[in-house]
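Here's a quick walk through a model, from its loops to its core. Keep the 3D view open as you read.

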Amino acid sequence: MFKLDSVQMPQQLSQAAHDHEKVFQWIVELCNAETRENALSELSSRRDIIHDLGPMIWHTTGTIAALLFEIVSTYQFVNPPTMSLQQVTRLCNALALLQCVGAHPDTRSQFLKAQIPLYMYPFLHNANKCRNFEHLRLTSLGVIGALVKTEEQEVITFLLTTEIIPLCLRIMETGFELTKTLSTFILQKILMDDNGLSYICQTYDRFSHVALILVCIFTTKSAKIFMFFLLDF
């Protein structure tokens, strides 16, 4: 048994080193337009099993710029909505990698200081209900959802300086079930924070808008989403 283990250990270390090299290769390939699409796919599909992927992406020269380019280069296809399934898939892979950066405690502050979440807002503004754009909205909300899940004051403070609340309210009112649920989750996390609740209650217009949307959800087929909203209150 000792001899078998002594043989297996170097093999495992060798495989781990090889896998690590592949990950770094894909990250570097994000900066090359010809290899970017494949690198996006490979990294996105493995993002849950690659340890510290967020910091690796953030600290590799040029990768964040490449991911942001993937986002801004698609704005022209948002209105009018002419984005193909391939474009949406590629864009969602880029957003998923940015979510890794925002969700990681070592890179979250820099992510917010760079105001990277704002790059997703044009996709949340788009109200087109075709499947491609709904998937894009869901992935964009996923980036915000990963931030608020941490329940850190820094995240809430940043979001209150943006238009995320009216965007979430509109999606809660007009979106499909998954985007409605995720928007509700984001709003819930904001309201559970003292500063977030104070912000909502600061003016009659803000408070009444939130209350009106919640009442509309409760009186429609989306009542189970409203019950989800109440679970932590």
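In which loop is glutamate 151 found? Glutamate 151 sits in the loop between H8 and helix H9 (153-159). One caution before going further: this is a predicted model.

**Loops with unusual backbone**

Glutamate 151 has a phi near 60°, a positive value in a residue other than glycine. Aspartate 52 is another non-glycine with a positive phi, about 60°. You'll find aspartate 52 in the loop between H2 and H3, and it is partly exposed, with a relative accessible area of 29%. The loop between H4 and H5 holds proline 80, and the peptide bond leading into proline 80 from asparagine 79 is cis, with omega near 0°.

**Two helices to look at**

Here are H5 and H11 with their lengths and spans.

| Helix | Residues | Number of residues | First to last C-alpha | Expected at 1.5 Å a residue |
|---|---|---|---|---|
| H5 | 85-103 | 19 residues | 26 Å | 27 Å |
| H11 | 177-192 | 16 residues | 22 Å | 22 Å |

H5 comes close to its expected span, and H11 is close to its own.

Now for what's hidden. H11 is mostly covered, with 12 of its 16 residues buried. Among them are Leu182, Phe185, Ile186, Leu187, Ile190 and Leu191, but Lys180 and Lys189 are buried too. An α-helix has 3.6 residues a turn, so residues three or four places apart point the same way.

In H5, the buried residues include Val88, Leu91, Leu95, Leu98 and Val101, along with Cys92, Asn93 and Cys100. Several helices help cover the buried part of H5, including H2 (36-45), H3 (53-58), H4 (63-72), H6 (108-113), H7 (121-125) and H8 (131-148).

**The core**

The largest nonpolar core has 63 residues, and Leu43, Leu98, Ile164 and Ile186 have the most contacts inside it. H5 supplies the largest share of this core, 9 residues. In soluble globular proteins, nonpolar side chains tend to be buried together.

What does isoleucine 164 touch, leaving aside its neighbours within four places in sequence? Its contacts are Tyr121, Leu124, Ile144, Leu159, Ile186 and Ile190. Ile186 and Ile190 are both buried residues of H11, and Ile186 is also on the list of residues with the most contacts inside the core.

**Rings**

The structure holds 1 aromatic pair. There's also a charge over a ring to look up: arginine 206 lies over the face of tyrosine 199, at 3.8 Å from the ring centre.

Technical notes. Residues numbered from 1 in each chain as written. Predicted model: local features only at pLDDT ≥ 70, side-chain atom pairs only at ≥ 80, totals over all residues. Heavy atoms only, no water. Helix = DSSP H or I, 4+ residues; strand = E, 2+ residues; numbered from the N terminus. Expected span 1.5 Å × (residues − 1). Buried < 20%, exposed > 50% of the residue type's maximum accessible area, 1.4 Å probe, protein only. Contact = heavy atoms within 4.5 Å. Core = buried A, V, L, I, M, F, W, Y, C linked by side-chain atoms within 4.5 Å. Phe/Tyr/Trp six-rings, centres within 6.5 Å; stacked < 30°, edge-to-face > 60°. Lys NZ or Arg CZ within 6 Å of the ring centre and 35° of its normal.
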